[in-house]
2 protein chains.
Amino acid sequence: MANALVPLAEGFEEIEAVSLIDIMRRGGIEVVVAYLEGEFANNLVTGANGITVQAETSIKNVIADDFDIIVLPGGWGGTNRLAEDHIVQDLLKSFQVKDKYIAAICAAPYALHKAGVLSQKYTCYPSVEEQIGRSGYTDREKVVIDGKVMTSRGPGTAICFGLAIIKELVGIESYNMVRAGTLSEFC
Amino acid sequence: MANALVPLAEGFEEIEAVSLIDIMRRGGIEVVVAYLEGEFANNLVTGANGITVQAETSIKNVIADDFDIIVLPGGWGGTNRLAEDHIVQDLLKSFQVKDKYIAAICAAPYALHKAGVLSQKYTCYPSVEEQIGRSGYTDREKVVIDGKVMTSRGPGTAICFGLAIIKELVGIESYNMVRAGTLSEFC
């Protein structure tokens, strides 16, 4: 059983976060959703479009050793918090040192760049590559996998990104099953 | 400004519910998310894949007159509750009598059928048409619009369904903007 950590910061993009959690769980990945300290009460975190999702634990309570992958949803508000939060930044570095997977979608590859863990080749939401200010960006693929770093582009690619994570961490059979079961033939 | 009501029942499909709410809000539709009575505390409702979302009010507090459309997310658990809840069933009938829009995705067209408001031509998640047990089903389109009833198929068509609702209730400009902004060219 693969284990995924999804940090949820105020202002996260809701389609991206929920699609990734939902698809990974359908594919047999155990997902823990962690809120950042200083966020709302009752583990509640509100996204960019006013949708509030309940996280399961604080980011303070997690350690990299318990997970195979860390997955960052996008949204600018959420991304800025992920880029500034020292626990998230330390976790990203720790995941890379321990040769674990790191995934980010939309604006969130910026948070990887901030931690110094972004892969040479990457994708992100259009124009975010200007904030990142580095070569290696491509807009030709929905999902880019470079070593153990996986990046994707936005709400419309979130299901495909979740499926790519299943293919990489669980296998092609699970990928095919979830792709068919969610009617995501466009991925 | 168009107004949408999204009833959220335990066991709802999370990608569908969140994609619809997110996309409709991006398109300028005011969305109210309502929980069913007897559900969790703090307006919290848990979906089919263990993701808990906070609703904004009880379904007891809403009236059809305040809305232009009612939008039902799928998931079998959620759909069965929507099909059995007398407030939701009465609302569906009321929306039809008042010539308002009615939308349902995945398994949820079954809840429309139960209320007697399902359109002649419709789509749904594959095999749900057997539960509905009626002609008029098509699997050739992601979104079917028949009069003021809109239906769609599953998680992979949820963004496209939200976009179709924007096109119908807000207009083509908003549709084009949200489609491009969410990188949903596959719709």
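# Notebook: two chains, one sheet in each

I began in the middle of the sheet, where β6(A) and β7(A) run parallel and are joined by four bridges. For my notes, strands pair if DSSP finds at least two bridges between them. Helices (H or I, at least four residues) and strands (E, at least two) are DSSP runs, numbered from the N terminus.

Before going on, I noted that this is a predicted model, where local features need pLDDT of at least 70, side-chain atom pairs count only at pLDDT 80 or more, and totals for chains, interfaces and linings use all residues. Residues are numbered from 1 along each chain as its sequence is written, while chains are lettered from A and ligands numbered from 1 in the order in which they are written.

**Entry: the sheet of chain A**

Back at the β6(A)–β7(A) pair, I found Val71(A) opposite Ala103(A) in β7(A). On to β1(A), which runs parallel to β6(A) with two bridges between them; here Ala4(A) sits opposite Ile69(A).

I then wrote down the whole order: β5-β2-β1-β6-β7-β9-β8 in chain A, an open sheet of seven strands with mixed pairing. β5 (57-58) and β8 (143-146) of chain A are at the edges with a single partner strand each, so one side of each lacks a neighbour in the sheet. The partner I checked for β8(A) is β9 (residues 149-152) of chain A, antiparallel to it and joined by four bridges. Val144(A) is opposite Thr151(A) there.

**Entry: what covers β6(A)?**

Which residues of β6(A) are buried on each side? Ile69(A) and Val71(A) are buried on one side, Ile70(A) and Leu72(A) on the other, and both faces are covered. Buried means 20 or more other C-beta atoms within 10 Å of a residue's own, exposed means 12 or fewer, and partly exposed is in between, with C-beta atoms placed from the backbone. A reminder to myself: in a regular strand the side chains alternate between the two faces of the sheet.

I also looked at α1(A), which lies across β1 (3-8), β2 (30-35), β6 (69-72) and β7 (101-105) of chain A and runs at about 165° to β1(A). The axes behind that angle are lines fitted to C-alpha atoms, for helices over the stretch in contact, and angles run from 0 to 180 degrees between N-to-C directions.

**Entry: how the two chains meet**

Next, the pair of chains. A turn of 180° with a shift of 0.0 Å along the axis lays chain A on chain B with an RMSD of 0.0 Å. That is how a two-fold axis relates copies. The superposition is by least squares on the C-alpha atoms of residues with pLDDT of at least 70 in both. Val53(A) comes closest to the rotation axis among the residues of chain A, at 2.3 Å (C-alpha). The same surface serves both copies, as 100% of the contact residues of chain A recur in chain B.

How many residues touch across the two chains? I have 26 of chain A in contact with 26 of chain B, contact being C-beta atoms, placed from the backbone, within 7 Å. On the chain A side, α1 (14-26) and β4 (52-54) are the elements that give two or more residues. α1(A) gives the most, with eight residues.

**Entry: two positive phi values**

Asp99(A) has a phi near 60°, positive in a residue other than glycine. I located Asp99(A) in the loop between α3 (86-97) and β7 of chain A, where it is exposed, with 8 other C-beta atoms within 10 Å.

Cys106(B) is not a glycine either, and its phi is positive at about 70°. Is Cys106(B) buried or exposed? Cys106(B) counts as buried, with 32 C-beta neighbours inside 10 Å. Its place is the loop between β7 (101-105) and α4 (109-115) of chain B.

**Entry: helix α6(B)**

Last, I checked α6 (residues 158-169) of chain B. Its 12 residues should span 16 Å at 1.5 Å a residue, and the end C-alpha atoms are 16 Å apart, which agrees; the expected span is 1.5 Å times one less than the number of residues. Of the 12 residues of α6(B), 10 are buried, so the helix is largely enclosed by the rest of the structure. Among them I listed Ile159(B), Phe161(B), Leu163(B) and Leu169(B). Just after α6(B) comes Gly171(B), with a positive phi of about 135°.
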